[in-house]
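Work through the exercises below with the sequence and the coordinates side by side, and try each task before reading its solution.

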Amino acid sequence: MLGEQAPSFKAETTNGNLVFPEDYGNNWKILLSHPKDFTPVCTSEILELAKMQQEFDQLGVKLAIISTDELTSHYQWKQLLEDILVSQGEEEKISFPLIDDHNGRISNTYGMLHAWEDPTRDVRGVFIIDPENRIKSINFYPMNIGRNMEEIKRVVLALQVSEKEEVLLPANWTYGDDVLMKYVPYTQEELEKDPSLKEKYYKVGINLWYRKGDALTSMKGN
Ligand code: BEZ
């Protein structure tokens with residue numbers, strides 16, 4: 001459930017033993033599940049994540065990938081993925097771990113096994129977890145559809161901006177767009193003292209106050 005602590009687990013991975021989320025410390029984390037090593041959609045997704053590694057690094061996000069395959073399969077697939085990256089002229093290696101969950105224990109805990117799809121294979125799950133290890137976003141995608149990694153990055157950035165700036169993000173928001181205020185942003189008295197507030201905020205309807213995007217103080221990693 002959103003807001004809950006991410007369930008902790010120990011597992012073997014292509015980067016050695018992992019205690020998740022604890023070993024990732026005070027970073028944002030994304031745990032992505034996928035159905036099966038060596039399958040076309042999964043391969044395209046992991047390649048995309050590898051290519052976007054630096055962008056996730058810049059947002060302070062650490063990635064972990066899980067499926068119900070064995071570790072030996074993960075190692076072989078990782079090698080194949082890296083060979084493809086080299087053939088595409090990419091310098092990135094797969095630096096995030098591929099987690100062995102061959103008995104489905106972790107997948108079951110996280111609700112990644114959807115019996116009507118396949119009782120033994122994960123659906124495409126995305127768990128975004130904050131630095132305090134609280135689950136902030138959960139999405140499940142079907143097995144035959146690859147995820148939009150830019151959208152996943154957008155949600156992390158939106159969560160970070162919303163928290164830091166204490167604002168809400170409207171439909172289709174991307175970094176630099178106008179943001180929504182949680183409260184009426186100023187009183188009449190404050191406006192009289194500082195008329196420039198009118199340039200920073202505008203009202204579209206009841207309870208619909210925007211702050212202009214150029215007033216964002218911070219933080220896009222890329
Ligand atoms: C794939 O990644 O290509 C895939 C995996 C499981 C079912 C269908 C497609």
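The exercises that follow concern a predicted model, and each task is followed by a stepwise solution.

**Exercise 1. The nonpolar cores**

Task: Determine which residues have the most contacts inside the largest nonpolar core, and which elements supply it.

Solution: Begin with the core as a whole, which has 39 residues, and in which Ile 30, Leu 49 and Phe 96 have the most contacts. Next, assign the core to secondary structure: at least two residues each are supplied by strands E3 (28-33), E4 (61-67), E6 (124-129) and E9 (179-181), and likewise by helices H1 (40-51), H3 (71-87) and H5 (149-165). Of these elements, H5 gives the largest share, namely eight residues. Then take Leu 49 and set aside residues up to four places away in sequence; the residues that Leu 49 touches are then Leu 32, Phe 56, Leu 63, Ile 65, Phe 96 and Met 149. Finally, look outside this cluster, where a second, separate core of 16 residues is found, with Ala 6, Phe 20, Ile 99 and Ile 106 among its members.

**Exercise 2. Strand E6 and its partners**

Task: Establish how many residues of E6 are buried, and describe how E6 pairs with E3 and with E7.

Solution: First consider burial, taking under 20% relative accessible area as the cut-off: six of the six residues of E6 are buried. Resolving the strand by side-chain direction, Arg 124, Val 126 and Ile 128 point one way, whereas Gly 125, Phe 127 and Ile 129 point the other way, and both sets are buried. Now turn to the pairing, in which E3 and E6 are antiparallel over four bridges, with Leu 31 opposite Phe 127. E6 is also joined to strand E7 (residues 135-141) by six antiparallel bridges, and here Gly 125 has Phe 140 as its bridge partner. The last step is the hairpin of E6 and E7, where five residues lie between the strands and Asn 133 adopts a positive phi near 65°.

**Exercise 3. The ligand shell**

Task: Identify the residues around the ligand and the polar atoms that lie opposite its oxygen atoms.

Solution: List the shell first: Pro 35, Thr 39, Pro 40, Val 41, Cys 42, Arg 124 and Met 143 surround the ligand, and H1 provides the largest share, three residues. Then examine the polar distances one at a time. An N or O atom in the side chain of Thr 39 is 2.8 Å from a ligand oxygen atom, a polar backbone atom of Cys 42 is 2.9 Å from a ligand oxygen atom, and a polar side-chain atom of Arg 124 is 3.0 Å from a ligand oxygen atom. To complete the picture with areas, the ligand taken alone exposes 260 Å², of which the protein buries 74%.

**Exercise 4. An open sheet and a hairpin**

Task: Give the strand order of the open four-stranded sheet, and then describe the faces of strand E1.

Solution: The order in the sheet is E8-E9-E11-E10, with antiparallel pairing. Strands E8 (167-168) and E10 (201-205) each have a single partner strand and stand at the edges, so one side of each is left without a neighbour in the sheet. The partner strand E11 (residues 208-211) is joined to E10 by four antiparallel bridges, with Tyr 201 opposite Arg 211. Moving to E1 (residues 9-13), Phe 9, Ala 11 and Thr 13 point to one face and are buried, while Lys 10 and Glu 12 point to the other and are not. Five antiparallel bridges join E1 to E2 (residues 16-20), where Leu 18 is the bridge partner of Ala 11, and the two strands form a hairpin with two residues between them.

Note on methods:
Residues are numbered from 1 along each chain as its sequence is written. This is a predicted model: local features need pLDDT of at least 70, side-chain atom pairs count only at pLDDT 80 or more; totals for chains, interfaces and linings use all residues. Side-chain values use heavy atoms; hydrogens and water are left out. A nonpolar core is a set of buried Ala, Val, Leu, Ile, Met, Phe, Trp, Tyr and Cys residues joined through side-chain atoms within 4.5 Å. Buried means under 20% relative accessible area, exposed over 50%, partly exposed in between (1.4 Å probe, protein chains only). Contact means heavy atoms within 4.5 Å. Two strands pair if DSSP finds at least two bridges between them. A polar contact is a pair of N or O atoms within 3.5 Å; within protein, one must be able to donate a hydrogen and the other to accept it, and residues adjacent in sequence count only if both atoms are side-chain atoms. Accessible areas come from the Shrake-Rupley method with a 1.4 Å probe; for residues, only the protein chains shown count as cover.
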